[in-house]
Amino acid sequence: MATVVAGVGGVGLGRAKLHSLNPNRPSQFFGKKLKLRPSFEPNPHGKSGPLVVHATGGELMGLVHNLFVGVGVGLPCTVMECGDIIYRSTLPRSNGITLTVPGVILALGTVSYLWATPGVAPGFWDMFVLAFVERLFRPTYRKDDFVLGKKLGEGAFGVVYRVSLAKNPASKKEGDLVLKKATEYGAVEIWMNERVRRACSSSCADFLYGFLENSSKKGAGYWLLWRFEGEATLSDLMLSKDFPYNVEAMILGEVQALPKGLGRENRIIQTIMRQLLFALDGLHTTGIVHRDIKPQNIIFSEGSRTFKIIDLGAATDLRVGINYIPKEFLLDPRYAAPEQYIMSTQTPSAPSAPVATALSPVLWQMNLPDRFDIYSTGLIFLQMAFPSLRSDSNLIQFNRQLKRCGYDLVSWRKTVEPRASSELRRGFELLDLDGGIGWELLTSMVRYKARQRTSAKAALAHPYFGREDLLALSFMQSLRLQLFRATQQDYSEAASWVIRLMAKSGTKQDGGFTEAQLQELRVSIQHICSKQLLESYF
C-alpha cells in the first residue's frame, strides 16, 4: 500500500508501504475510474489532521504512471521519448534535420530565384533597410546653398551647371559640384541615382542629393546634385582627330611605348569598351535599363580614370516598375534598338513595389530588357572603329543601310566592303585582329532580335578583352571563344524545323512519313549539321 500525506503548508509521504499484491496482474486503472479512499491518521509532524490517500495494486511510481494512463492524459511523445506501440517504437529516433534530394533541390532553387537578376532578396534589403538608413544620415541641401557657375551642358531633360557652396566656400574647392535643373522626369532621375548610389555607385557619376524647390515665379522644379568628376564626354573625345590616342594617357595612365597603328588603337578601344560594359553590367544587375546609351551620356571621371554613365532621366527600374509604361518608350533614334520597346507591349503595368520585386526575375527572363542597351553600346563600338560613323548624318545613313540588310552586320559588310573607302577598310582590319574576335563581339551585340544579343556580363567574358597584344590566341582563350560562339548561335530555325516535323509526326491518322519525306529528312539533317559546323569554326 502506498500512502500520500498532505498536511498544512506542505505535501509529503507518510508511512509509505511499497509492495505489490500481484505483479503480473494488469493495472486496475485501465478502463476504470480512479477511486480514492481518504483516511485520517495521526500526523506526528503537524497539529492539523492530515489527508491520507491509499492506493492498492502497485508501487508508488506505478501509481503515478497508471494515474496518467488511466485518465487518458499524458505528455507528448516528443517529451516522453515514446513511440507508437505497434510501429513507431521500432523506428530509429532522428536527432536532426534530414537532408533529402528533393529538399536540397527546392532550397537551391529558392535561393537561386531570390538572387536572380534583378534580385528579389537584394531588392527587399534595399527597399526596407538601405533606403531607410540612407534617409537618416544623408546631408540635405537647398538651391540657396549654391552659387551657379559655368553652364556645362543642356539636354532634353535639363540644364547642368558647375557650382560651388555659398556658405563657407573656402572649405571646398571652388566648382567641385555639379547641379542640374531637371525640366522633365526629375523625380524619376532622383530615384534612379539614389538606387545606383546604393547598388552600383561605380557605374554612374557620384550622386549626392536631389530635392524639390518651389519658386513663386517658375513654380516647383527638381534639382539634382553630383560631385564634379570631369566635363569631357566620350562624344567630345571621339570627335577629336586624335581619337583614340587622346584617351590613351587618360585611361591607361601613360602613353604606350608602341608605334601608332592598329594594335595600339585596338588596346585603347578594348579598355573603353570594357569600362562601358562593366558600368552597364552594374546597372543591369540591379534591374535598371538606361534606354539612352550614347557617347553624350558617357562622361570620363578624372579621379577614377574610368568612363561612367550619366543622365538617367529615361532609365527604368524594372525591379519595382518605376518609369515603365508598357506602350510608351523613351529613346534616341540614332542609337535605339530596332524593337524600341524594352519589353512586350502586352506586359501589364507594374503592381505594388513588393509584388513587382517578387515577380521581377520572371519578367526579366521572359523579355531580357537589358539587350536594348547592348545594341546601343554596339553602335558606339562601331563608331570607335569607323571614324566616318561618328557624325550624326553618317550614323543615320548607316542605320538605314543596316535596316535594308535586315540588321545583319555580316550582310552589311558584304555589301559595303567591295567598294569601301580606305578609312572603312582600316576599321574592318582593326576588328579582324587576333582572328576576328573584335568583329565576333560586335556582331553578337548588334542583332535584330534582342534575345540573340549577348549580355554585358557575357560580353565581358569574351576573349576580346583578354588580349593585350597581337599574338595568337591561347588554348583557353580559343576554348572560351568556341563556347561563346556556341551560346550565341541562333537555333530558332532549327526549332521551327523540328516543330514542323512534329506537326506531321507519323501518326496513323496522317499516314506516317513517306519514303520521299524520309529522304528529305536525311538531307535536311546533313545540311543543318554542316551549317552549324562551319559557323562554329569560321
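Asp 370 touches His 284, Val 289, Trp 364 and Ser 455, leaving out residues up to four places away in sequence. The model in which these contacts occur is predicted. Asp 370 lies in a loop. Helix H9 (353-367) and helix H10 (371-385) flank that loop. Asp 370 has a relative accessibility of 5% and therefore counts as buried, since the cut-off for burial is under 20%.

The chain as a whole comprises 18 helices and 13 strands. It has 538 residues, of which 38% count as buried. Contacts between residues at least 6 apart in sequence were examined for their span. Of these, 63% join residues at least 24 apart. The exposed area of the chain is about 31100 Å². Carbon and sulfur atoms supply 60% of that area.

A second buried position is Lys 180, with a relative accessible area of 5%. UniProt lists Lys 180 under "binding site", in an unreviewed entry. The residue is located in strand S7, which covers residues 177-182. Its contacts were taken without neighbours within four places in sequence. They include a run of residues made up of Phe 157, Gly 158, Val 159 and Val 160. Tyr 222, Trp 223, Leu 224 and Trp 226 are also in contact with Lys 180. Glu 189 and Asp 311 complete the list. With Glu 189, the side chain of Lys 180 makes a polar contact of 3.0 Å.

Aromatic residues were considered next. The structure holds 15 aromatic pairs. One of them is formed by Phe 300 and Phe 307, whose ring centres are 5.2 Å apart. The planes of these two rings stand at 65 degrees, so the pair is edge-to-face; the cut-off for that class is over 60 degrees. Phe 300 and Phe 307 are both buried.

An aromatic cluster is formed by Phe 386, Phe 398, Trp 412, Phe 428 and Trp 439. Trp 439 also takes part in an arrangement with a charged residue. The charged end of Arg 413 sits over the ring of Trp 439, at 4.8 Å from the ring centre. Arg 162 and Phe 228 provide another case. Here the charged end of Arg 162 sits over the Phe 228 ring, 3.9 Å from its centre.

How values were computed: Residues are numbered from 1 along each chain as its sequence is written. This is a predicted model: local features need pLDDT of at least 70, side-chain atom pairs count only at pLDDT 80 or more; totals for chains, interfaces and linings use all residues. Side-chain values use heavy atoms; hydrogens and water are left out. UniProt positions are given in the numbering used here, feature names are shortened, and annotations may be inferred rather than shown by experiment. Helices (H or I, at least four residues) and strands (E, at least two) are DSSP runs, numbered from the N terminus. Buried means under 20% relative accessible area, exposed over 50%, partly exposed in between (1.4 Å probe, protein chains only). Contact means heavy atoms within 4.5 Å. A polar contact is a pair of N or O atoms within 3.5 Å; within protein, one must be able to donate a hydrogen and the other to accept it, and residues adjacent in sequence count only if both atoms are side-chain atoms. Rings of Phe, Tyr and Trp (its six-membered ring) pair if their centres lie within 6.5 Å; planes under 30 degrees apart count as stacked, over 60 as edge-to-face and the rest as tilted. A charge sits over a ring if NZ of Lys or CZ of Arg is within 6 Å of the ring centre and within 35 degrees of the ring normal. Accessible areas come from the Shrake-Rupley method with a 1.4 Å probe; for residues, only the protein chains shown count as cover.
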